[in-house]
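Mentor: Please look over the sequence and the model first, and then we will work through them by question and answer.

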Amino acid sequence: MNPLVPDFILEQDAEGQYAGAVDAAVLHVSLPAVVELAEQMIARQTLDPEALRSFFDPLFEAVHQSGGFVATLSPGGGFTALFPDRPGRNVTRHARSAALAMRRSLLELAARRALGAGGAQTPFRIGLAWGTVHWTIVRIAPDRAYFLIYGPAMEACQATDRGVDDSELHLDRSFRERLPAASARESVADLDEADLLSGPPSLTIASAPTDADVEAFLPPGAGDLAPEGEIREVTTVSVSLDRVESPTELLQQLHEISAMYGATFAGMTVTERGLGAQFYFGAPVAHESDHDRALDFALELKSNGLGVPRLAVGVTRARCLVGFFGAVGRREFACVGRAIHLAAQIARKAAPSSIWADERAFRAGEASHQWSTENIFRFDGFDLPILVYSLERRRIAVQEEFYDLGPIGREVELGRLTQALEPLFAGRSAGVVYILGEAGIGKSYLVHSYRHQRAQLMDMRPLLWIEARCDQTLRTPLYAFEFALKEYLGISSELGQRAKEAGLDLALELLLERLPESWTEVRAGIDRSREALARLLRLRGQEAGAEAGWRDEALGALAALLVAESSLQPVVVHLDDAQWADRTSLDAVRAITAACRDLPLAVICSARPGVSSGEGVDARIPLDAGIPSQVIEIAPLPAERLLALAEPFFGGPLPTMLGSLLGQTAGGNPFFAQEILAYWLEDGRYGSAHDAARSSRFMPPRTVNSLLVARLERLEPRTRQTVISAAVLGREFDTRVLARMIPDASALVDHLRFGEAQRIWSRMGEHRFEFCTVLIRDAAYGMQPKETAERQHRLAAEAIEAVYGDDLADQRAALDSHRSLAG
């Protein structure tokens, strides 16, 4: 007897018989205690294969002694056995004998567990049915095959599994009619030991199958698992299907789709409603993107339909036992745990053509896929109701994909910026280049495009790029260049005081090593700047009344540093969001360009024309005579350019109404356009090229800020609160500080991953993130009432003090800002 595949199947396969039918008695045993035992092992992180086998050994032995074989194991911890009809033998009596032996064994086990575990229960159900059983074998390839045993008798036996755990035998009508008249009662109360038959030996096959024959029925990678099994994080996709005339084509389709997504197809089973199928992502072969693969796979199944009248999908995610489970006589590859059982139940309850999931599956896929809340349901084996979510579609990262489209509509401006910076590569100063335009018009994108273009030529024409970012909240003296200096030196706010000092010293020593010994004046400037740079980085305290002298020293130190670097290679300093720059930072631009007037250095100031609108400062800087400057104004894009940006997301021309609405609403602003697209695509009501009427009912908000607010409002409430709290901390934030500001810090990792996927923010370091655009940050910050914002600033100040403790020097500006805004 081969334990991994029923001998009956191996015999048919060896003879080239790939489909057939037999009359048989069917026995199904439901064992919820197996799932509970598996959950205990998972919780303890200890594997005990013997404990699981102790459930199955006497049960499988009873089946084999009565002439049957174990066909399949079920996700709920039980199994199904068959007793094929034979001339001159009443197999219903033998099947019932096996059921009685199982019942007695399980009751004894329940008694032992009750004594040893303070009354612990071992519920079970045993159902018996009679009728036609079909079988089919599908040979996908010489090394891959599936089998399925199905039919009316299998479904009838599953149907007896309904109701409470009463530990009685449940016989369907056909089974009772074939029993001897004296013992055809459904109750087992009056059955005596005479009904426990010794029976004939197990079924055997004429010739022993080769190992290759057996291995073809096993999932790839299953043989590499540890003999005792493993505990793995698994996403389970369970599919509930209507019965089909011939499942051969269905098995082939499921194999092809599962192989495409890297799923482990564990084969099909019979349910009382038809057929079920289990797919595992994460076992026995694991991939980094297993959960996203699982959700995409579920969507593919829904889209395909598989040619069946009803298809529904259940998805769960949890740690499970993974391995070969069963007993000596029969083992099967499976994942065991409550989540596996729940996935099958969710699939059976789900509405046709829907994909329902538990909360863990929803949380793990919230960033990559669009969901809606379905309802709360009760499921067998779970004490409390469970909230179920419905998977709608994969999210489209419009903001990220916009960057991949290239500078559509900005070719002229990119050419002007390239020309403006060309003197750098001839060893001359390019002075200051202003890039001016309204919020979202594409200033940062233009700079990004140039930098990306230049990076491809780095080997031939090296360039040092320094980001100096301004912040609307933290407008302390020289904040932009404090940020730039940290970026240049690779010094993170997460580092302690000594590590920062060591980082500064090392960077300056390396710079001096690169400077020729003959450059005495440049080298002396670096030596003189050391203390001033340390004070700029808040590594040294300020003496009372020395603010004016410190300002001049800081400007001189920055100029000396950039003189040294631009003497070695071209340098670009990007002063981003310069409308929020403090006056000292603008003075620093003047000092730097004056010191480097004969060196290849340029300062790009990207800014909104804010003075006219009452926002920020005028970023135009009065430069010294002879310092070049020029202005690149970013105008709104023509409507046809916006439509060219939008078409790739629709796979062709936009619906007429949507194209018209996009052109009118976005006002030529590409950021506004991409947010409108994201809003449409997430909403799911945008229709198609043939559904203009439907799209005409959808009107997005009319301003960039209101649209961003509307998109943030769609977030799950806890995620939205995390985004708002992060916005209180500024354009960039420390996740350790943020964790102390939100109600549930345990959810922060999921929220950060979601924000990255949706380009709300991006990672800067182990504990630091930054908002992708200041517009998103501003929109999130503005969503809270004044009183709430003040409370959040108080929380921020307290969290900074708690996280940084005695090392608050680097956080002093932020701390003072939060305290002042706390009211």
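Trainee: Does F281 count as buried or exposed?

Mentor: This is a predicted model, in which local features need pLDDT of at least 70 and side-chain atom pairs count only at pLDDT 80 or more, while totals for chains, interfaces and linings use all residues. Residues are numbered from 1 along each chain as its sequence is written, and side-chain values use heavy atoms, with hydrogens and water left out. A residue is called buried under 20% relative accessible area, exposed over 50%, and partly exposed in between, with a 1.4 Å probe and protein chains only. F281 has a relative accessibility of 0%, so F281 counts as buried.

Trainee: What kind of aromatic pair do the rings of F281 and F297 make?

Mentor: The structure holds 22 aromatic pairs, where rings of Phe, Tyr and Trp (its six-membered ring) pair if their centres lie within 6.5 Å, and planes under 30 degrees apart count as stacked, over 60 as edge-to-face and the rest as tilted. The centres of F281 and F297 are 5.6 Å apart and their planes stand at 55°, so this pair is tilted.

Trainee: How many residues apart are F281 and F297?

Mentor: F297, like its partner, is buried, with a relative accessible area of 0%. Helices (H or I, at least four residues) and strands (E, at least two) are DSSP runs, numbered from the N terminus. F281 belongs to strand β9 and F297 to helix α9, so that the pair links distant parts of the chain, 16 residues apart.

Trainee: Which residues form the cluster linked by ring pairs?

Mentor: The two phenylalanines of that tilted pair belong to a wider group of rings. The cluster is made of Y146, Y261, F265, F279, F281 and F297.

Trainee: With which residues is I149 in contact, leaving aside its neighbours within four places in sequence?

Mentor: A nonpolar core is a set of buried Ala, Val, Leu, Ile, Met, Phe, Trp, Tyr and Cys residues joined through side-chain atoms within 4.5 Å, and in the largest one, which has 60 residues, I149 is among those that touch the most other members, together with V237, V239, L241, L254, M268 and F279. Contact is judged by heavy atoms within 4.5 Å. With the sequence neighbours set aside, the partners of I149 are I9, F69, A71, L82, V133, H134, W135, M154 and V270.

Trainee: Why is strand β4 described as largely enclosed by the rest of the structure?

Mentor: Strand β4 covers residues 125-141, and the description rests on a count of its buried residues. The strand is largely enclosed because the number buried, out of 17, is 12.

Trainee: What is the bridge partner of A141 in β5?

Mentor: Two strands pair if DSSP finds at least two bridges between them, and β4 pairs in the antiparallel sense with β1 (residues 19-30) over 12 bridges, and in the parallel sense with β6 (residues 169-171) over three. With β5 (residues 144-150), β4 pairs in the antiparallel sense over seven bridges, and a hairpin joins the two through two residues. The partner of A141 in β5 is R144.

Trainee: Which strands stand at the edges of the open sheet of five strands?

Mentor: The order of this sheet, with parallel pairing, is β16-β17-β18-β15-β19. A strand with a single partner has one side left without a neighbour in the sheet, and so the edges belong to β16 and β19.

Trainee: Which residue does P284 join through a cis peptide bond?

Mentor: Most peptide bonds are trans. P284 is found in the loop between β9 (274-281) and α9 (290-304). There omega is about -5°, and the residue joined to P284 by the cis bond is A283.

Trainee: Does L478 count as buried or exposed?

Mentor: L478 lies in the loop between β16 (464-469) and α15 (479-489), and its phi is near 60°, a positive value in a residue other than glycine. S353 also has a phi near 60°, but S353 counts as partly exposed at 45% relative accessibility. L478, at 0% relative accessibility, counts as buried.
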